[in-house]
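Colleague: Before I rely on the labels attached to this protein, I would like to go through how each one was reached. Could you show me the structure and then take my questions in turn?

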Amino acid sequence: MSEKKNTQSSQKLSTGAKLSYALGAVGKDMVYMLSASYVLYYYQDIIGVSAFAMGIILLIARVFDAFNDPVMGIIVAKTKTRWGKFRPWLLIGTVTNAIILVMMFSAPPKMNPAGLTAYAATVYILWGVTYTMMDIPYWSMIPAFTKGGKEREGLTTLARSAAGVGSAIVMVVTVIAVQALGKMFGGETPREIEIVGFRCFSIVIAALFIIFTLLTCINVKEKSTAEMETVSVGQMFKALIQNDQALTVVVAIVLINCAIYITSNLVIYFFKYDFGGEGWYNSYTLFNMFGGAMQVLSMMILYPLLRRWFSNTKIFYIGLSSAIIGYAVLLVLAFTNMSNVFILFIPGFLIFAASGIMNILTTVFLANTVDYGYLKNKRRDESVIFSMQTFVVKLASGIAAFAASLCLQINNLSNEATTEAEQTIDFSLAVSQSAKIGLRMTMALIPIAGLFIAIFWFKKRFILNDDKIAEISKQVAEMQGDGNDKKA
């Protein structure tokens, strides 16, 4: 009997299992992107909740969610069932999250303002909790059904790529799908079309989410009782205090992500209320399609090309400089008479390409801080450091959402303020020039300031260039060799 178990655990992961696991990533990131990119727009612009209230809700919920991750990790680690420790939570989290997702985009539009605000806060916090419930076991279960080495690395890469595909699909098709579904199922005015459309689209995404996760749970079997290492918030902050290079990278990630997320939160408002036109959503979709393609291509092609000639540190500065130039070009173009979306591809290329490069480099830099910390503190903190990456991304998204909400509140940008445009379906006609200028300034100047601070901070404190990493790797190898000799 034990021989059969050993034979089974030594078998290579089947193609069906790999694809099923990847489909799970597609589904969960479709859900994540729908919430992250459109919940502010849905509640503030369509339903009519105060922008300031939404900013507070999103900030508190995202920070709470970041602190909730370690708690869920501990719960999953202590779970023992006949189906394993990961799959039960993966399935429970998916089903409950899918239900909450539909509720989140099905707000009762006739509810009073206080009731709508309470409804938005409740469903968004519940959405974050239930998403964590399935996200933590999804990524943590890899060691339980892979042998390690190339198989584990290959599956992780496949899943990360599939997650990117899920995000890109939602970014590209959401607004077009909402318009089509809203008209198909009875929406008449622009606001009614979006209310109905978002509800129907969330049902479609929720259904795909459940189907893809079911395939993952059915076709991916836990072959071992792999121990899951959990990390507390206290451990994360302790590791940061003791590892100055990890702190440097983390602060840079927060600054960079805040800059990019502020723009991504506001870009839909830019196309609707500034760029304008009856078919603004077509231009918005085209821009997102181009941007998503540039982001993926920069990770797959541009970064490897630059790496042939430049160190990672230099590529980091090239990427940040590219983003700053892109935002500057966007600001200049915003004060011209824009009538063609293809003009926006110029700053779009510079910003999205930089974003793709930053996604790679921040992970590389964090990995390098592990060896640095080992050399400095005689302790390896891989799990702590990489848990911090998720934590700061969520923190940055909360801060950015709050900043974007303040911009919307100050400039009075919402469906409520554009009733005059209901007949022409051109919302830009009912928005004042000062409001448009305020939107442009927030989208461009604040990110530029944040990126300049990131450059200054990084240049002053970061020391892990390629030569330093080579030196540290050599010292770590010698330390580990000495340790093995002593054990021998």
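Colleague: Why is Ile-256 called buried?

Modeller: This is a predicted model, and in it Ile-256 has a relative accessible area of 2%. Buried means under 20%, so Ile-256, at 2%, is counted as buried. Ile-256 has its place in helix 10, which covers residues 244-275, and, leaving out residues up to four places away in sequence, Ile-256 touches Phe-316, Leu-320, Met-358, Leu-451 and Ala-454. One of these partners, Met-358, is 102 residues away along the chain, with 8.4 Å between the two C-alpha atoms.

Colleague: What makes Thr-313 buried or exposed?

Modeller: Thr-313 has a relative accessibility of 13%, and since the limit for buried is under 20%, Thr-313 counts as buried. Thr-313 lies in helix 12, residues 312-334, and it touches Phe-365, Phe-458, Phe-462, Leu-464 and Asn-465, again not counting residues up to four places away in sequence.

Colleague: Which class does Leu-297 fall into, and why?

Modeller: Leu-297 has 39% relative accessibility; buried ends at 20% and exposed begins over 50%, with partly exposed in between, so Leu-297 counts as partly exposed. Leu-297 lies in helix 11 and belongs to a nonpolar surface patch together with Val-296, Met-300, Ile-301, Leu-305, Trp-309, Phe-310 and Ile-318.

Colleague: What makes Leu-297 eligible for such a patch?

Modeller: A patch takes residues with over 30% relative accessible area, and Leu-297, at 39%, therefore passes that limit. Together the members have about 760 Å² of accessible area, and helix 11, residues 280-309, gives the largest share of the patch with six residues.

Colleague: Why is the pair of Tyr-124 and Trp-127 called stacked?

Modeller: The ring centres of Tyr-124 and Trp-127 are 6.2 Å apart and the planes make an angle of 15°. Centres within 6.5 Å make a pair, and planes under 30 degrees apart count as stacked, so both conditions are met by Tyr-124 and Trp-127. The two residues are three apart in helix 5, residues 113-140, and are therefore separated by about one helical turn; both are buried.

Colleague: How do you know that Phe-290 and Phe-345 are stacked?

Modeller: For Phe-290 and Phe-345 the centres are 4.1 Å apart and the planes 5° apart, values that lie within 6.5 Å and under 30 degrees, so this pair also counts as stacked. Phe-290 belongs to helix 11 and Phe-345 to helix 13, residues 345-377, so that the pair links distant parts of the chain, 55 residues apart. Phe-290 and Phe-345 are both buried.

Colleague: How many aromatic pairs are there by this rule?

Modeller: The count comes to 29 aromatic pairs, and one aromatic cluster is formed by Tyr-38, Tyr-41, Tyr-42, Tyr-43, Phe-105, Phe-198, Tyr-269 and Tyr-273.

Colleague: Which residues touch the most other members of the largest nonpolar core?

Modeller: They are Tyr-21, Tyr-38, Tyr-43 and Phe-271, in a core of 141 residues, to which helix 2, residues 15-47, contributes the largest share with 18 residues.

Colleague: And what does the protein look like as a whole?

Modeller: The protein has 16 helices and zero strands, and 53% of its 488 residues count as buried. Among contacts between residues at least 6 apart in sequence, 83% join residues at least 24 apart.

Conventions:
Residues numbered from 1 in each chain as written. Predicted model: local features only at pLDDT ≥ 70, side-chain atom pairs only at ≥ 80, totals over all residues. Heavy atoms only, no water. Patch = residues over 30% accessible without salt bridge, like charges linked within 9 Å, V, L, I, M, F, W, Y side chains within 5 Å. Areas by Shrake-Rupley, 256 points an atom, 1.4 Å probe, with all protein chains shown as cover. Salt bridge = Lys/Arg side-chain N within 4 Å of Asp/Glu carboxyl O. Helix = DSSP H or I, 4+ residues; strand = E, 2+ residues; numbered from the N terminus. Buried < 20%, exposed > 50% of the residue type's maximum accessible area, 1.4 Å probe, protein only. Core = buried A, V, L, I, M, F, W, Y, C linked by side-chain atoms within 4.5 Å. Contact = heavy atoms within 4.5 Å. Phe/Tyr/Trp six-rings, centres within 6.5 Å; stacked < 30°, edge-to-face > 60°.
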